[in-house]
Amino acid sequence: MFDKFHEECGVMAIYGHPESAKMAYLGLYALQHRGQESAGICTASGGQIHCHKAMGHVADIFTSAVLETLPGRSAIGHTRYSTTGDTVLLNAQPFSVSCNKGRLAVAHNGNITNAAELREELGRRGSIFQASSDTEVVLHLVAQSSERSLAGALRDALLHLEGAFSLVLLAEDSIIVARDPHGFRPLAIGELEVKGGGKAHVFASETCAFDLLGAVYLDDVEPGEMVIAGPEGLRRERYAPEQRLAQCVFEHVYFSRPDSIVFGRSVEESRENLGRLLARECPADADLVVPVPDSGVAAAIGYGDESGLPYRQALIRNHYVGRTFIEPSQAIRDFGVKLKLNAVRHLLEGKRVVLVDDSLVRGTTSRKIVRMVRQAGAREVHLRISCPPTMSPCFYGVDTPTRGELIASSHSTEEIRRFVEADTLGYLSLSSLRQAVGDERGEFCYACYTGDYPTELVQIEELAAAGAKRR
Ligand code: AMP
């Protein structure tokens, strides 16, 4: 049994730094939004790989005492989010092993769509799996490769994989990172001055990690490329032939931080563009523009600029919400959303409001927020979504529910409007989404909006069934 088809994650790697574990820790701290379930760091020193991983948030897991147990000049790190029932520590990354290619640790972001098949095949040949995560499959493929060099064995392994992966591998004396040939998930390359001379190589899912470290963003790992950082410096090598590019557009719509450069492009810029185009396509006769924080903020700013309507933060988010809440026995309506958000009556009373959010998935949260805005006195609520209707599940590493739970897969915009109880509802068109992210050459994946998957999904039915069972 494999564990998931939706796993959002952040990865980080650093080579050639005397405090590599601390740097990885800081990087993961900046990537926390990409996964809050578990985190792990592995370092290499003296022919050993040292690992620490645990459930929870980066800042809680990595105390000074823990970081002291992670010596060495190279490190990889991972932060994981999974909504599946299978939230055991066993699945936390990185995975480390000792095999015929030496001591290794691997972590990845994305979803390997043929992982179940590969597991079965490897299992028949005698591989024993500890966990149900895809990453382990990569390690077994590396171990079984007849290639003598580690880079050769990894190349061999990667060529067996289908789907989405941005991967970081730690060996005793090098780090290798790679992106899948479609380039679904991001992976940036940076450089960091080391006190006392020299430079460390850094890699991260998003450039916001570099900013915290004081590293300079240089480039992206190319789709189908492997980058090796070792004693001889940096070596870049294409391991797979060019394929149709399919960078995840949802990274720009929602997932990445706005202060990051993702796929070589500012996320904030994309989001403001989304809002501007949304204002042109779906104008509203209203008094003010209000974002759903934090996801709708940049698009609402763009909407406000384009429409000339004042932008007001009339929903306040509590940033300190934990994982579990003690609810009074007398149930409070919409308790979960109320814990996270509250409306500013002073701004909303008697107003016609354009409410901007980045996406509408099931519609249940949006409905609660629309209600909250209305209860705070808004006269009209015009909901605007800065992407097209989400019709199809993602099989490449973004957490979306099964098709049946995606409200837009079976309901018209008018039906959804009624469900969320908005006065009007407007979505951005696909062509405007393309324009907003500057995709002139068709280099993004829009499968969640179109159902047009850029790879063959052999197990699509099986995956969907597994998802349905868990939720
Ligand atoms: P709902 O109205 O229940 O469909 O929820 C929509 C909200 O979920 C929006 O505020 C989105 O920002 C947020 N959202 C969309 N996709 C994701 C995701 N993959 N993970 C977490 N939140 C998401």
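**Ligand shell and cysteines in a predicted model**

Of the 16 residues around the ligand, those that come nearest are Asp357, Asp358, Val361, Arg362 and Ser366, where a residue is near if one of its heavy atoms lies within 4 Å. The model is predicted, with local features needing pLDDT of at least 70 and side-chain atom pairs pLDDT 80 or more, while totals for chains, interfaces and linings use all residues. Residues are numbered from 1 along each chain as its sequence is written, and side-chain values use heavy atoms, without hydrogens and water.

By class, the shell around the ligand holds five nonpolar, six polar and five charged residues. Polar side-chain atoms of Tyr254 and Glu8 each approach a nitrogen atom of the ligand, Tyr254 at 2.9 Å and Glu8 at 3.1 Å. A polar backbone atom of Asp399 also lies 2.9 Å from a ligand nitrogen atom. Taken alone, the ligand exposes 510 Å², of which the protein buries 83% (Shrake-Rupley method, 1.4 Å probe). Helices H8 (249-255) and H13 (364-375) are the elements that give two or more residues to this shell (helices are DSSP runs, H or I, of at least four residues). H13 gives the most, with three residues.

Turning to the cysteines, one disulfide is counted (a pair of cysteine sulfur atoms within 2.5 Å). This disulfide joins Cys42 to Cys51, with an S to S distance of 2.1 Å. The torsion about the S-S bond of Cys42 and Cys51 is about 85 degrees, so the disulfide is right-handed. Cys42 counts as buried at 1% relative accessibility, whereas Cys51, at 34%, counts as partly exposed (buried is under 20%, exposed over 50%, partly exposed in between; 1.4 Å probe, protein chains only).

Conventions:
A polar contact is a pair of N or O atoms within 3.5 Å; within protein, one must be able to donate a hydrogen and the other to accept it, and residues adjacent in sequence count only if both atoms are side-chain atoms. Ala, Val, Leu, Ile, Met, Phe, Trp, Tyr, Cys and Pro count as nonpolar, Asp, Glu, Lys and Arg as charged, and the others, Gly among them, as polar.
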